[in-house]
Amino acid sequence: MMKQFDCVARQYMVLVIVAASFFAFDSCEESLPPRNDPPKVLAVSLSAYYAYGYNTNELRLTVDVVNIYDETLADTAAITGAVEIVWTRLPQYRKTFVLSPKSMVYYHGFNPSTGELAFDPGDTLRFNYAWDFTTDDSVSILDDFQYNPSCPGRRIANSEILLLQSSVRIFSKVATIYSVPQLFKLCYIEGYAFGCSVPDCN
Amino acid sequence: MKANLCQNISLNLRTVAFIIIAEVIFFIPQKSFAGTTGILEGKVSDQAAYSALINVNVRVLSTVFGTITNEEGFYHLNYLPPGTYDVQFSLVGYETVVMKNITIFPDRRTHVDVPMKASAVELKPVEIVAKRPLIQKDQPETAFSIADLKLEALPVTTFQEVLTLQPGTTLEGNVRGGKTTEVVYLVDGLPVQDVISGGLGIQLPKNSITSMTIYTGGFDAEFGNALSGVVNVVTKSGDNETHGGIRYERDKFLPLSLDQQVDRRNEAEAFIKGPIVNDKLYYFTSNQAAISDTRWWQDMQYFFPSPVSRKFSGLSKIDYTPSPNTRLTLQGIYSMERWRDYEFSWRYNLAGLPARATDTYRIALILSKILSDNSAFTVSFSRYYNRSHVGPESKSELTIAPYQYDFFLRYIVSGNRNWWAETRQQMYTLKGDYTSQLNPLNLFKAGFEINQYNIFSDLIKYEPQLTYFGKPIEDEPLLNYSNAYNYFPRAGSVYVQDRIESSYDGAILNIGLRWDFLDPRAERPLVEYIPVSQNQYQQQVKGTAKASVKQQISPRFAFAAPVDVQSMIFFNIGYYFQYPLFDYLYSGINPTQIWAGARNVLAGNPDLEPERTISWEVGYKRTVADIVAASITYFRKSTKNQIDSKTLVPFDSKSAGDFGFASYVNDSEADATGIEVVASRESGERITGSISYTYMVAEGMSETVNQAINLAEWGFPIRPMTFPLSWDQRHSVKIDGNVKLPWNIQSNLIILFNSARPYTYFPTRDGFTPIDSTKDFVPNNARMQDVTIVNLKMSRKFMLNETHSTSATVYIDMRNLFNAKNVRWIDSNGRIGGELGDPSAYYEPRRVRMGVVFEM
């Protein structure tokens, strides 16, 4: 019986030594976590609407940047970016607005004289732009619309699709963020005339 | 037949004889002496005739201890230092017998009966390995004794870790649902607590310990100022045999590119003992040095030179025995540590965390005197000194300024923690114990202890105010925890205990009574906070009130009785109490400082009462198949007067405004209950060990002394309610297995399973407000993950020179063998390691150390 135990014990010991060696050296990595800055601290959204009236006829765009982080981000603002409009039917026609502090219309926590920005959690920075339907090359695209002749004295264009997108950088330590590209349906209306009904833009 | 007998006898002439598992009867009953010595006794009889043998010479080899048997064949040796001994029994006309490996534990009476065989021929001694009894039928408490040989085999680094291997304990050192500070540590019967901050105040070299006794339930009136457990460490002494050795171990053997699972640890120890004058004067010394770069070496290396952590400890003893009845011991212990803190959020600015240093010294003079065969006393005098330093060398080098976070407010990238501290504690202890065997069935013991303290603290500490979720509130001023004090409290105790044994069945009745006192020797300032504007107060000291002397009577009662030959029951109940840490008494109450306008966030209270526990347990033990001892124990503890803090507002204030000021009060309580099931096998050729299962519930109203002030700071309502404490570990299984492998390899396997402990789940989206503000803050409302740890230590001893007993032992010590990622903490959002993924949220990964011990 002792011999049997010896045999078993030797097998056990070999197993233990092999297992111990294996587990001792199977994976000897133990690196500390790398420093990863939080992936998303700001969010940007782009909205647009067509404003027309007696004295107004333009596409108005609003860029909202929200601090979605749970801390106040404070640093010297390094605001760069752009809002881009591309006419999908005639993509050579495009308009780019460059973001700058001058176009900010809402900026709680920003000191224009020093350029310091304390961006609280949940706060919004807002940039407004108005497009007068001229391209970056100062070409008017109004003549390229296809108009509905039903109302004399007034041009009502068929719907056109514009691609709107924006990119924003607020701080040098935060990467540039991009809004979700969106398609905007525009039905240009020229002039204002009584007695003409304006069809839905479809 | 006769020829065969002669043949057998001739075979028995070998020195290392056959191993007989002899039927020796051990009683390891009563507590006796000063916690540092034990008794060996028994009866010697003729093996064939069973008659008592008179005048048998009994000698403890390599010591001066010896005696002869009386007319009834009994022998009795008092005041044996704990250790493992060989004891020789010789009588003309009989074979000399050497009982090997008799382990003497402190406060234990070891009973060894010896049968001797008549022989006309003088032969070489017959060696018999003594076997301890499976159960100690007259032990009415829960205690675990570990001898030095076992300590050497365990995969542990410090002796505190041995506590965590016992039933009813957690990995952090909680015992039966109590706080870790409720455990008292004694070295040679004298306390070694940090009385300002709590915890153990000293370290010991591994080879300086001869035995440890851990009491987790029902400790006698001899032990006080403890609520949960007592750990009594007895250190080695010199004897007539010169023996020494060196030990070295390390954990780094491969380039770091191949193996990162290291602390870059090196440890060395040297020990030696022997006679200065044979039979009169002995010495023992052991000194250990351990250096490492810690688990965080990958970050530490960018800020600090190696080694980051340095620990030195040593024990030296001179024993003088002018006669076998008198022993005078001069003992010195030192322990020094230098290290740097590590916090993950500071990893890019670790130099901003303060340097830390601790120095501890203790010198003791112990006189043990045997007055007669039945009585003895021990008197000791010791001076214990502990110094703790935080921060730069000089206070003037500290600049108070908020430290700076990175852009994302996650890591601290510049600045220093505003923390400088110098604390010193001195304790002079005079202790005496007297023991008298009034009659064979009645053992009486009495003792006293007087402690005179010198408590000094100079602390500068400012911390930013944080939300519950750990976010700094930037517009709020720094919280001031600074204070300075110097007090000279005094404490003492007197105890009596009587142990009565029944002559009918050996049942034991223990009755004890203990009286303790604490004189804080301080005055409590009577402070008024006069509102000067909304939310602003001016402190005015209107007078002082002397803190009263606190006294406590603690009765203890225990009973044990055999049920049958193989089983016994026991029951004990007792009142236990513990005085508060001195920092809770004295911080921030210096009238001069208050008058000068210093305002402390949390003020001490010198009139704090001791925390009190009523604890009882009932148990049943039996032997199974003559090789296993099994027990089942039910325990219950109820603790009152626990210390917490309370915010106080002056009665003439206009508004509460901020959280006012706070002080420590006794207004909390906790309960613990559980069942421990243990099976152990302590003797065997190949396999010994134990397995235990504990079910335990630990609930209370407060788990830290700062709980109430923290809740006020965080804006949570304070509702008195009971919740599971952070150490409420419902299920735990501990396996401790020793296997003697072929080729003389010893192995010790430890498997610890601990069920999930609680944490508080209270998520936030922004770090300032909870996601669901309609829900109340309920502490510890969720559970983490189970924890399983496997440790293995294997060793092999090589005899280099049999004549000079020179040997080399090689060992490999593997902790967390399977590299399990065991969770230690989870933040309130349920994230392991918080938003930074702090790796300290896991217990230490696998570590493998190899070492060698040369002895001669």
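# A tour of chain B, strand by strand

Begin by selecting strand S13 of chain B: nine of its nine residues are buried, so S13(B) is largely enclosed by the rest of the structure. What you have open is a predicted model.

**Stop 1: the strands around S13**

Keep S13(B) selected, residues 209-217, and add strand S14 of chain B, residues 229-235. The two strands are antiparallel and pair over six bridges. Two residue pairs show how they line up. B:Ile214 stands opposite B:Val231, and B:Ile209 stands opposite B:Thr235.

Next, add S10(B). Which way do S10(B) and S13(B) run relative to one another, parallel or antiparallel? They run antiparallel, and six bridges join them. To find one of the matched positions, pick B:Thr142, whose bridge partner in S13(B) is B:Gly217.

Now widen the selection to the whole sheet. This is an open sheet of five strands in chain B, in the order S10-S13-S14-S11-S12, and its pairing is mixed. Which strands are at the edges? They are S10 (142-147) and S12 (190-191) of chain B, and each of them pairs on one side only. While a strand is on screen, look at the side chains: in a regular strand they alternate between the two faces of the sheet.

**Stop 2: the largest nonpolar core**

Stay in this part of chain B and select B:Leu186, B:Val187, B:Met212, B:Val230, B:Val231, B:Val233 and B:Tyr586. In the largest nonpolar core, which has 66 residues, these touch the most other members. Strand S11 of chain B, residues 183-187, gives the most to this core, with five residues.

Pick out B:Val231 from that group. Leaving aside neighbours within four places in sequence, which residues is B:Val231 in contact with? They are B:Leu163, B:Val183, B:Tyr185, B:Leu186, B:Met212 and B:Ile214. The last of these, B:Ile214, is also the residue that stands opposite B:Val231 in the pairing with S14(B).

There is a second, separate core of 33 residues, and some of its members can be found in chain A. Select A:Val44, A:Val63, A:Tyr93 and A:Leu125 to see where it lies.

**Stop 3: another five-stranded sheet**

Return to chain B and select S3, S2, S5, S6 and S9. In that order they form an open sheet of five strands with mixed pairing. Strand S3 (66-68) and strand S9 (126-129) stand at the edges with a single partner strand each, so one side of each has no neighbour in the sheet. From one strand to the next, the twist averages 25°.

Zoom in on strand S2 of chain B, residues 57-60, beside S3(B). The two run antiparallel and are joined by three bridges. In S3(B), B:Thr67 is the bridge partner of B:Val58.

**Stop 4: two partly exposed residues**

Leave B:Thr67 visible and select B:His76, which is found in strand S4 of chain B, residues 74-80. B:His76 touches B:Glu41, B:Thr67 and B:Asp373, not counting residues up to four places away in sequence. Why is B:His76 classed as partly exposed? B:His76 has 17 other C-beta atoms within 10 Å, and a residue needs 20 or more to be buried and 12 or fewer to be exposed. For a sense of distance, draw a line from B:His76 to B:Lys797: they are 721 residues apart along the chain, and their C-alpha atoms are separated by 35 Å.

Next select B:Thr285, in strand S17 of chain B, residues 281-292. With 19 C-beta neighbours inside 10 Å, B:Thr285 also counts as partly exposed. Its contacts beyond four places in sequence are B:Phe271, B:Ile272, B:Leu315 and B:Ser316.

**Stop 5: a helix**

Select helix H7 of chain B, residues 707-714. Which of its residues are buried? B:Ala708, B:Ile709, B:Leu711 and B:Glu713 are. Just after H7(B) comes B:Gly715, with a positive phi of about 85°.

**Last stop: chain B as a whole**

Zoom out until chain B fits the window. Chain B has seven helices and 46 strands. Its C-alpha trace spans about 105 × 60 × 50 Å along the principal axes. For 856 residues, a compact globule would have a radius of gyration near 29 Å, and chain B agrees, with 29 Å. Buried residues make up 43% of the chain. Of the contacts in chain B with a separation of 6 or more, 69% are between residues 24 or more positions apart.

Conventions:
Residues numbered from 1 in each chain as written. Chains lettered and ligands numbered in written order. Predicted model: local features only at pLDDT ≥ 70, side-chain atom pairs only at ≥ 80, totals over all residues. Core = buried A, V, L, I, M, F, W, Y, C linked by C-beta atoms within 7 Å. Helix = DSSP H or I, 4+ residues; strand = E, 2+ residues; numbered from the N terminus. Contact = placed C-beta atoms within 7 Å. Pairing = 2+ DSSP bridges. Rg over C-alpha atoms; globule rule 2.2 N^0.38 Å. Axes fitted to C-alpha atoms, helices over the stretch in contact; angles between N-to-C directions.
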